[in-house]
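Biologist: I would like to go through this model with you, asking at each step what a term rests on. Please set each value against its definition.

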Number of protein chains: 2
Amino acid sequence: MQTSIVENAQAQNAFKALADPTRRNILLRLSVEDLTIAELTQHFPMTRAAVKKHLLILEQGQLISVRVNGREKINHLEATGFKDAQAWMSYFDQFWDSKLMALNMAIANQQIQND
Amino acid sequence: MQTSIVENAQAQNAFKALADPTRRNILLRLSVEDLTIAELTQHFPMTRAAVKKHLLILEQGQLISVRVNGREKINHLEATGFKDAQAWMSYFDQFWDSKLMALNMAIANQQIQND
DNA sequence: TTAATACGATACCTTTTGGTATCTCTTTTG
DNA sequence: CAAAAGAGATACCAAAAGGTATCGTATTAA
């Protein structure tokens, strides 16, 4: 009765940030152009405070970065978090090719730390 | 003040399932071998009921499938959910190559439905 | 056939999450 | 300078999430 598998704090923050549909929509918006909090809020049915909270979580997941410009905060898409999540998922790609199944087992057994 | 971007229900279920560290650990376990609920529970510091709840969410995200064998339920890794999440994220890959930035804007503007 | 095993279902509890409202601070702008 | 605009901080609330305990059902094994 123990957790025993290596967990990556960065991947956790990225996946957590990606789990909310509003946050994923924010990322799509920011893929078009950098936007301030007020500008982003115009596109969502919620208050600026709520959008700001989502932006904080996206920042913690390193999916966006924030640049200060006077009284404005400009939100910008960031690669790091995407790459963290993609890297975690890429481990599983091998399992969809049945030819590699035998090799899989050896690698998988190394990724998992037994208790 | 409106949500305006296309959202995919499958991607939502997959990302939601991936957001929890216990569930990601379950997926790693299942990458080694198919396991019953009871077998999985041995590796985690929680009750069978809790593990079962996680398995339901993983199934809804199409990250696993369940096969009945007598009184046992055997949990098996499934590609669909992974591919859903990876497909959603792959849209952003283009933004990390600055050479493609000009092309980006045109594509992005099509992906987003204006209000 | 009786008992143990594997699991499902339900009710319940606590913490987290997603949201609001309100007040304050800083930076622009007229 | 005064006022408006952009954003931070805090308190608060309802719902969802993650967990437990308990009881019931079906399947296997002694």
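Modeller: In the hairpin of β2(B) and β3(B), 2 residues lie between the strands, and Gly70(B) there takes a positive phi near 65°.

Biologist: How do you know that β2(B) and β3(B) are paired strands?

Modeller: Strands (E, at least two residues) and helices (H or I, at least four) are DSSP runs, numbered from the N terminus. Two strands pair if DSSP finds at least two bridges between them. Strand β2 (residues 64-69) of chain B and β3(B) have 6 bridges, in the antiparallel sense, so they count as paired by that rule. One of the bridge partners in β3(B) is Lys73(B), which goes with Val68(B).

Biologist: What makes β1 and β3 of chain B a pair?

Modeller: Strand β1 (residues 35-36) and strand β3 (residues 72-77) of chain B are joined over 2 bridges, again antiparallel. At least two are required, so the pair counts. Here Thr36(B) has Ile74(B) as its bridge partner.

Biologist: Which order do the strands take in the sheet of chain A, and which strands are at the edge?

Modeller: The sheet of chain A is open, with 3 strands in the order β1-β3-β2 and antiparallel pairing. β1 and β2 of chain A are called edge strands, as each pairs on one side only. β2(A) and β3(A) pair over 6 bridges, and Val68(A) stands opposite Lys73(A). Chain A has 6 helices as well as its 3 strands.

Biologist: How far should I trust the coordinates?

Modeller: This is a predicted model: local features need pLDDT of at least 70 and side-chain atom pairs 80 or more, while totals for chains, interfaces and linings use all residues. Residues are numbered from 1 along each chain as its sequence is written, chains are lettered from A and ligands numbered from 1 in the order written, and side-chain values use heavy atoms, without hydrogens and water. The pLDDT is the predictor's confidence in each residue, from 0 to 100. Chain A has a mean of 86, with 78% of its residues at 70 or more. Its confidence is lowest in helix α6 (residues 101-111), at a mean of 54, and highest in helix α4 (residues 48-60), at 98. Over residues 1-5 of chain A the pLDDT is below 50.

Biologist: Why is the pair of Arg67(A) and Asp34(A) called a salt bridge?

Modeller: The term requires a side-chain nitrogen of Lys or Arg within 4 Å of a carboxyl oxygen of Asp or Glu. In Arg67(A) and Asp34(A) the closest N and O atoms are 4.0 Å apart, so the pair fits the term. A search over all chains finds 1 salt bridge. Arg67(A) is in strand β2 and Asp34(A) in the loop between α2 and β1 of chain A, 33 residues apart.

Biologist: Are these two residues buried or exposed?

Modeller: Buried means under 20% relative accessible area, exposed over 50%, and partly exposed in between (1.4 Å probe, protein chains only). Arg67(A) has 46% and is therefore partly exposed; Asp34(A), with 31%, is partly exposed too.

Biologist: What makes a set of residues a nonpolar core?

Modeller: The members are buried Ala, Val, Leu, Ile, Met, Phe, Trp, Tyr and Cys residues joined through side-chain atoms within 4.5 Å. The largest core has 55 residues, and those touching the most other members include Trp88(A) and Phe92(A). Its largest share, 6 residues, comes from helix α5 (residues 79-93) of chain B. Leaving aside neighbours within four places in sequence, Phe92(A) is in contact (heavy atoms within 4.5 Å) with residues including Leu27(B) and Phe82(B).
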